Amino acid sequence: MSLIVKICGLSSRETLDDAIDAGADMVGLVFFGRSPRFVRMEDAAALADHARGRAEIVALTVDLDDSEISAIVERVRPDWLQLHGAEPVGRVAAIRKRFPQKVMKALGIRSPDDLAAVDDYASVADCILLDAKPPAGSDRPGGNGASFDWTMLEGFRPRVDWMLSGGLDPDNVGEALRISHAPGVDVSSGVESAPGRKDADRIRAFIAAARNADSVSAATRKAS
Ligand SMILES: O=C(O)c1ccccc1NCC(=O)[C@H](O)[C@H](O)COP(=O)(O)O
């Protein structure tokens, strides 16, 4: 299976097209008010309609309640709900049961002990997104451009689909894939020229570097 590439935090038709034309499999829309990538519901609905059928649409939420998620589901009709807050296992299971969307649960990673949570969520999420824990002082649980030590992922083979994120960029995604053999990667800050401002050249460079590294990594995954 080929590498899944997700470009997160898109907020204009132009940059959506940049990501999709460059080969993104998933595009993320951020529903978190304090984010520089925040998109209002009506804008998100129009962006999703623009992307529909060309890439999977991911709605990124943080600890929303059912009525807030319902509004997104009805207006935006995403393919995925990305849960990037402190949603406990039971809450993730309830969201997955209630809504038809696939569920991606983000987990903050700083030390190898943090990987234990992956098993806890494996049966209630369709995909686990490993992200760095936010740096001190950040008021956002993700999208901080911070990475964690990928060497703790050597030999990591969870029983659930997963993706790597956190501080990836066109220059380091190849090394991240060589070390982790992740089946998917997700980026936001690393393809921006300023917070919230996506850069077409960086998007293209990121996806090219990731696809290039994956051709090597896929052979290793097959052999392991
Ligand atoms: O992007 C945000 O501002 C954001 C806000 C709140 C929760 C999550 C957020 N972003 C998540 C992502 O964009 C990615 O899934 C992941 O955190 C990687 O981000 P980055 O390190 O910026 O590449």
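The shell of residues around the ligand in this predicted model is made up of 13 polar, eight nonpolar and four charged members. In total, 25 residues surround the ligand, and the closest are Ser-35, Gly-142, Gly-143, Ser-188 and Ser-189.

Turning to the overall fold, the chain contains ten strands and seven helices. Its radius of gyration is 16 Å, close to the 17 Å that the globule rule gives for 224 residues, so the chain is as compact as a globular protein of that length. The C-alpha trace spans about 45 × 40 × 35 Å along its principal axes. Of the 224 residues, 43% are buried. Contacts that reach far along the sequence are well represented: among those between residues at least 6 apart in sequence, 55% join residues at least 24 apart.

The interior comes next. In soluble globular proteins, nonpolar side chains tend to be buried together. Here, the largest nonpolar core has 63 residues, of which Ile-7, Val-27, Leu-29, Val-185 and Ala-210 touch the most other members. Val-27 offers a helpful view of this packing. Beyond its neighbours within four places in sequence, Val-27 is in contact with Ile-7 and Leu-10, with Leu-16, Ala-19 and Ile-20, and with Ala-51, Ala-55, Ile-57 and Val-58.

Two of these partners, Leu-16 and Ala-19, also belong to the buried set of helix α1 (residues 13-21), which is completed by Thr-15 and Asp-18. These four residues cover an arc of only 160° around the axis, which puts them on the same side of α1. Just after this helix, Gly-23 takes a positive phi of about 110°.

Helix α6 (residues 173-180) can be read in a similar way. Its buried residues are Val-173, Ala-176, Leu-177 and Ser-180. Seen down the axis of α6, they fall within an arc of 95°, so they line one face of the helix. The general geometry is a handy guide here: an α-helix has 3.6 residues a turn, so residues three or four places apart point the same way. Just after α6, His-181 takes a positive phi of about 55°.

Helix α2 (residues 41-51) holds Ala-48. This alanine has 22 other C-beta atoms within 10 Å, and a residue counts as buried at 20 or more, so Ala-48 is buried. Setting aside neighbours within four places in sequence, Ala-48 is in contact with Leu-29, Ile-57, Val-76, Arg-77 and Pro-78. Ala-48 and Leu-29 are 19 residues apart along the chain, with their C-alpha atoms separated by 8.4 Å.

Conventions:
Residues numbered from 1 in each chain as written. Predicted model: local features only at pLDDT ≥ 70, side-chain atom pairs only at ≥ 80, totals over all residues. Near = placed C-beta within 6 Å. Nonpolar A, V, L, I, M, F, W, Y, C, P; charged D, E, K, R; others polar. Core = buried A, V, L, I, M, F, W, Y, C linked by C-beta atoms within 7 Å. Buried ≥ 20, exposed ≤ 12 C-beta atoms within 10 Å, placed from the backbone. Contact = placed C-beta atoms within 7 Å. Helix = DSSP H or I, 4+ residues; strand = E, 2+ residues; numbered from the N terminus. Rg over C-alpha atoms; globule rule 2.2 N^0.38 Å. Arc of directions from axis to C-beta.
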